[in-house]
Amino acid sequence: MNKEYIIGRNNDSPIKVPANKVGVSGRHAKIVIASDGSWYLEDLSSTNGTFIRNEDGEFIKVFSKQIKDSDIIRLGNGGVNSFTFTARRIIANDESYAYEFKQLKRALKLQREKEAEKEKKIELNGWISKLSGLGAIAVCALLGSIEGVTIDPNTRYILIACAPVVVGLIFSGDQKAYKALRRKREKILTCPKCGKPLPEYDIEEGQCSRCKAQ
């Protein structure tokens, strides 16, 4: 048998939405847990919309969507008047955020792995850029050894000097991708209660140092 949960500022909501979250409608959204264990989210024609956070930490507006109990949902279009929660909160029997912090630890582990992988790639590309000058010297020497081929000294100098710059420009996208990956931390590693970005220490300890959620 399906179970339905209406979420909003009305008193019968399974999740208590603070009264000051005026961007949340009285009957804002509905979560259905089907008899087969699958979860579904539906916006109930709310004023400010219902959103799901994607893997990049961006909130995407949805009207009806199958979800997981670990998905992050936002009621409202953002800002202090919105309310954000993990889907599983609708069946939580206490104020413990142990489940959410467990998910945060997994997200932190994955984030570290992605950052480490990108750092290694940037380091490798850095060495390639540095060695490209030596490569240009070798190419010039090889061409100079061919009978009838003459390379002007100025051209030789320009090739050797520009090689690292050109190769560096080719790999510049990796630096931008790494910076974007670091910024992603502030979007996905947030406190499940107060919504503030969490330092790694808080995640490892399973408690927010600001609001004391744990």
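Here is a walk through this structure, from its overall layout to its sheets, cores and cysteines.

The model is a predicted one, so please read what follows as a description of that prediction. The protein chain has 214 residues, and 37% of them are buried. Its secondary structure consists of four helices and eight strands. Follow the chain from the N terminus and you pass through the strands before reaching the helices, in the order β-β-β-β-β-β-β-β-α-α-α-α. Among contacts with a separation of 6 or more, 51% join residues that lie 24 or more positions apart.

Let's turn to the strands. Strands of a sheet pair through backbone hydrogen bonds, either parallel or antiparallel. One sheet here is open, with four strands in the order β1-β2-β3-β6 and antiparallel pairing. At its edges stand β1 and β6 (64-67), and because each has a single partner strand, one side of each is left without a neighbour in the sheet. From one strand to the next, the twist averages 20°. Inside this sheet, β2 and β3 run antiparallel and are joined by five bridges. You can find one such meeting point at Ile33, whose bridge partner in β3 is Trp39.

Another open sheet is built from four strands in the order β5-β4-β7-β8, again with antiparallel pairing. Here the edge positions belong to β5 (59-62) and β8; each has a single partner strand, so one side of each lacks a neighbour in the sheet. The twist in this sheet averages 30° from one strand to the next. Strand β4, residues 50-53, runs antiparallel to β5 and is joined to β5 by four bridges. Look for Arg53, which stands opposite Phe59 in β5.

Now for the interior. In soluble globular proteins, nonpolar side chains tend to be buried together. The largest nonpolar core of this model has 19 residues, and the members that touch the most others are Ile31, Leu41, Ile67, Ile73, Leu75, Phe85 and Ile90. At least two residues of this core come from each of β1 (3-7), β2 (29-33), β3 (39-43), β7 (72-75) and β8 (83-86). With three residues, β2 gives the largest share.

Ile73 is a good place to pause. Leaving aside residues up to four places away in sequence, Ile73 touches Ile31, Leu41, Thr50, Phe51, Ile52, Phe59, Ile67, Phe83, Thr84, Phe85 and Ala87. There is also a second, separate core of 11 residues, with Leu104, Leu108, Leu198 and Ile203 among them.

Two of the residues touched by Ile73, Phe83 and Phe85, deserve another look. They are both buried. A search of the whole structure finds one aromatic pair. The ring centres of Phe83 and Phe85 are 5.7 Å apart and their planes are at 25°, so the pair is stacked.

Finally, what about the cysteines? A disulfide is a covalent bond between the sulfur atoms of two cysteines. Searching the whole structure turns up zero disulfides. Cys208 is in no disulfide, and its nearest cysteine sulfur, that of Cys191, is 3.7 Å away. Cys208 counts as buried because its relative accessibility is 0%. For Cys211, the closest cysteine sulfur is also in Cys191, at 3.5 Å, which is too far for a bond, given that the two sulfur atoms would have to be within 2.5 Å. Cys211 is partly exposed, with a relative accessible area of 24%.

Note on methods. Residues are numbered from 1 along each chain as its sequence is written. This is a predicted model: local features need pLDDT of at least 70, side-chain atom pairs count only at pLDDT 80 or more; totals for chains, interfaces and linings use all residues. Side-chain values use heavy atoms; hydrogens and water are left out. A nonpolar core is a set of buried Ala, Val, Leu, Ile, Met, Phe, Trp, Tyr and Cys residues joined through side-chain atoms within 4.5 Å. Buried means under 20% relative accessible area, exposed over 50%, partly exposed in between (1.4 Å probe, protein chains only). Contact means heavy atoms within 4.5 Å. Two strands pair if DSSP finds at least two bridges between them. Axes are lines fitted to C-alpha atoms, for helices over the stretch in contact, and angles run from 0 to 180 degrees between N-to-C directions. Rings of Phe, Tyr and Trp (its six-membered ring) pair if their centres lie within 6.5 Å; planes under 30 degrees apart count as stacked, over 60 as edge-to-face and the rest as tilted.
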